[in-house]
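Subject: Structure handover

Hello,

Here is the structure we spoke about, for you to take over. My notes on it follow below.

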Amino acid sequence: MKAIVKIFYLIYQICIALPVILAATIMTAVTTIIGGILGNSDFWGYYPGMIWSRIICTVLLLPVKVEGKENIQTGRPYIIVANHQSAMDIFLIYGYLGIPFKWLMKKELRKIPLVGAACSKAGFIYIDRASRSGSRDSIAAAAEVLKKGMSMAIFPEGTRSKDGNVGKFKKGAFLLAQELGIELLPVTINGAYDVMSKQALKVTWHPMELTVHHPVAPVTAEASDCNEQVRLLSERTRDAICSAKKS
């Protein structure tokens, strides 16, 4: 019976979900590009993408559960950090977190037709992790976004997990938080790896969950050395994310 359901779900993906997703992606990208040209990239860079993400999860029939949204205080910027299980993570955070933000994203995404142009017009920051100077410039650009009061979303692992487990965190997000005195907003993603792992070529039906934790404040009295402050901040944030991680 399960095998039959999987076959029907695959047929549904190809015949119904995929055309809807392609159409929604094109419409969202064009809307974002035009909106970005006309002005107010903060609005056009978030709301069309939020609706697009919800459309994708809905048309794929994927249940989404969100917990902890009461931990978000509106009207203040956060550095949003989440574990990175799958490409589906983008739709979960974009569609269901509920606060406007910009993405700090890998530069390879700029090459995607229409989507790359839309991300540029939305004011998202591209980062080249292979270039130390390029990474510094991207972090500096992200700092300017945060100083203007807009939140920034970062996957501190830098890439999708190969096995669904939480990997080692890079320092960028925590350096930003420490230098600017901005709280981190830890978010745990569950189920996205089961829906579409890094190696997968198709979507598998599975519920997904987004857990928003209490914000983590920059380290002050506990350590005077900058490297130690960043290490403690990274450790506390990772502990929060791992606390709600399901195997």
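Two rings of Phe, Tyr or Trp (for Trp the six-membered ring) are taken as a pair if their centres lie within 6.5 Å. Please keep in mind that this is a predicted model.

Aromatic rings

By that criterion, the whole structure holds 13 aromatic pairs. Phe43 and Trp44 form an edge-to-face pair, because their planes stand at 80° with the ring centres 5.0 Å apart. Phe43 is partly exposed at 35% relative accessibility, and Trp44 is partly exposed at 30%. Tyr46 and Tyr47 also pair edge-to-face, with planes at 80° and centres 4.8 Å apart. In this second pair, Tyr46 is buried, its relative accessible area being 3%, whereas Tyr47 is partly exposed at 34%.

These residues belong to a cluster that ring pairs hold together: Phe43, Trp44, Tyr46, Tyr47, Tyr94, Phe101, Trp103, Phe124 and Phe155. Elsewhere, a ring has a charge over it: the charged end of Arg238 sits over the ring of Phe169, at 5.8 Å from the ring centre.

The sheet

Which strands stand at the edges of the sheet? First the layout: 7 strands make up an open sheet with mixed pairing, in the order 1-7-6-2-5-3-4. Strand 1 (64–67) and strand 4 (125–127) are the edge strands. Each has a single partner strand, so one side of each has no neighbour in the sheet. From one strand to the next, the twist averages 20°.

Inside the sheet, strand 3 and strand 5 (residues 151–154) run parallel and are joined by 3 bridges. Phe101, one of the residues of the aromatic cluster, has Ser151 in strand 5 as its bridge partner.

Helices

Two helices can be described by how they lie on the sheet. Helix 7 (residues 172–180) lies across strand 2 (79–82), strand 5 and strand 6 (184–190), and runs at about 150° to strand 2. Helix 9 packs on the sheet as well, where it touches strand 2 and strand 6. The direction of helix 9 makes about 35° with that of strand 6.

Helix 4 (residues 88–96) is mostly covered, with 8 of its 9 residues buried. The buried residues are Met88, Asp89, Phe91, Leu92, Ile93, Tyr94, Gly95 and Tyr96. Tyr94, in this list, is also part of the aromatic cluster. After helix 4 comes Gly98, which has a positive phi, near 95°.

Salt bridges

How many salt bridges are there? The count is 7, and three of the pairs are described here.

Asp42 and Lys102 meet through their side chains, with 3.0 Å from N to O. Asp42 is in helix 2 (residues 41–44) and Lys102 is in strand 3 (residues 101–106), so that the bridge links distant parts of the chain, 60 residues apart. The two ends differ in cover: Asp42 counts as partly exposed, because its relative accessibility is 37%, while Lys102 is buried, because its relative accessible area is 5%.

Glu209 and Lys246 form a salt bridge whose closest N and O atoms are 2.9 Å apart. Glu209 lies in strand 7 (residues 208–212) and Lys246 in the segment after helix 9 (226–243), so this bridge ties together parts that are 37 residues apart in sequence. Is Glu209 buried or partly exposed? The cut-off for buried is under 20% relative accessible area, and Glu209 has 19%, so it counts as buried. Lys246 is partly exposed at 46%.

Arg231 and Glu228 form a salt bridge with the closest N and O atoms 2.7 Å apart. Both are in helix 9, 3 residues apart, so about one helical turn separates them. Arg231 is partly exposed at 40% relative accessibility, and Glu228 is partly exposed at 29%. The link goes on to a further residue: Glu228, Arg231 and Glu235 are joined in a network of salt bridges.

Regards

Key:
Residues numbered from 1 in each chain as written. Predicted model: local features only at pLDDT ≥ 70, side-chain atom pairs only at ≥ 80, totals over all residues. Heavy atoms only, no water. Salt bridge = Lys/Arg side-chain N within 4 Å of Asp/Glu carboxyl O. Helix = DSSP H or I, 4+ residues; strand = E, 2+ residues; numbered from the N terminus. Buried < 20%, exposed > 50% of the residue type's maximum accessible area, 1.4 Å probe, protein only. Phe/Tyr/Trp six-rings, centres within 6.5 Å; stacked < 30°, edge-to-face > 60°. Lys NZ or Arg CZ within 6 Å of the ring centre and 35° of its normal. Pairing = 2+ DSSP bridges. Axes fitted to C-alpha atoms, helices over the stretch in contact; angles between N-to-C directions. Contact = heavy atoms within 4.5 Å.
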